Amino acid sequence: MGTFLKVDGDKFSDKVTTTTDKLNLSKVKIKLRHISFADGNDSLVIDVYRDYTDYWIYIRSGELILNINDSINIRLKAYENYTNSSTFKNNQGEIVTSYSESAFYDITKEQLAAICEANTLDIKVRGSDGCIISNGDKFLIYCRKFYNQFYDSTKYPETANMEVFGIWNQLTNWFYNLSTAGTVLCICLGSFILLLIITLLCIS
């Protein structure tokens, strides 16, 4: 199925999860996740992440609205993945608090197919204390690629070799995984390395 999809499961687990890296949109990250259970049932969800932000909007208490072609809204109820905060000192010695939150939204294969057939897509992540609106063009291509590689390879074959994750997306995902595996020190180190890479690219 290619490197786009990531499969997690073994003979000792009761489920197999198929997902991808997170896709960066405006102020949020998003991805699809399919879970196959041992009893034959399955589930498809959209995960939305707001990590290391200045404030919560409590997306766990809201909904995800996917607007298709400026006319059709798919509304999905939020379920909490996590909500947490961390406090650390910045370079100026000031105490800073960052906020992270994530929710998942059940979606059907039919709803995903409707998104894939769209000409335009806009995304609204609504929480109990605010909302974020993003252009969904990148997610539209992402959904088509997911559908092609997971459900039906005859659909959207043009996406088979299409790169939906740019270098910036890949770097930020790598640094996020590094930071969550360690401490805030990893975040600072990752930011420094990323800044160094950008500087070298600009010089060259």
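This report walks through the strands, one helix and one pocket of a predicted model.

## Strand β5 and its two partners

Let us start with strand β5, which covers residues 42-53. Nine of its twelve residues are buried, so β5 is largely enclosed by the rest of the structure. Here, buried means under 20% relative accessible area.

On one hand, β5 pairs with β4 (29-37). These two strands run antiparallel and are joined by eight bridges, with Arg-33 standing opposite Val-45 of β5. Four residues lie between the strands in the β4 and β5 hairpin, where Gly-40 has a positive phi near 100 degrees.

On the other hand, β5 pairs with strand β8, residues 95-106. This pairing is antiparallel too, and it has seven bridges. Two facing pairs help to place it: Asp-47 is opposite Phe-104 in β8, and Arg-50 is opposite Glu-101 in β8.

## From β8 to β7

Strand β8 also pairs with strand β7, which spans residues 72-89. Eleven bridges hold this antiparallel pair, and one of the matches to look for is Thr-87, whose bridge partner in β8 is Thr-97.

The hairpin of β7 and β8 has five residues between the strands. Within that hairpin, Gly-93 adopts a positive phi near 80 degrees.

## Helix α2

Now for helix α2, which runs over residues 137-151. With 15 residues at 1.5 Å a residue, α2 should span 21 Å, and the distance between its end C-alpha atoms is 21 Å, which agrees.

Many side chains to inspect here are buried: Phe-139, Leu-140, Tyr-142, Cys-143, Lys-145, Phe-146, Tyr-147, Asn-148 and Gln-149. An α-helix has 3.6 residues a turn, so residues three or four places apart point the same way. What do the buried residues of α2 pack against? Their neighbours are the strands β2 (15-19), β3 (23-24), β4, β5 and β9 (121-127), together with helix α1 (109-116). Strand β5 thus appears again, as a packing partner of α2 as well as a bridge partner of β4 and β8.

## The second largest pocket

Finally, have a look at the second largest pocket, which holds about 180 Å³ of space. Its lining is made up of 13 residues. Nearest the centre of the pocket lie Thr-3, Phe-4, Lys-145, Glu-163 and Phe-165. Lys-145 is also one of the buried residues of α2.

How is the lining divided by class? Five of the lining residues are nonpolar, four are polar and four are charged.

Conventions:
Residues numbered from 1 in each chain as written. Predicted model: local features only at pLDDT ≥ 70, side-chain atom pairs only at ≥ 80, totals over all residues. Heavy atoms only, no water. Pairing = 2+ DSSP bridges. 1 Å grid on protein atoms, 1.4 Å probe; cavity = no way out; pocket = protein on both sides within 12 Å on 5 of 7 lines; lining within 4 Å. Points joined across faces, edges and corners; volume = space filled by probe spheres on them. Nonpolar A, V, L, I, M, F, W, Y, C, P; charged D, E, K, R; others polar. Expected span 1.5 Å × (residues − 1). Buried < 20%, exposed > 50% of the residue type's maximum accessible area, 1.4 Å probe, protein only. Contact = heavy atoms within 4.5 Å.
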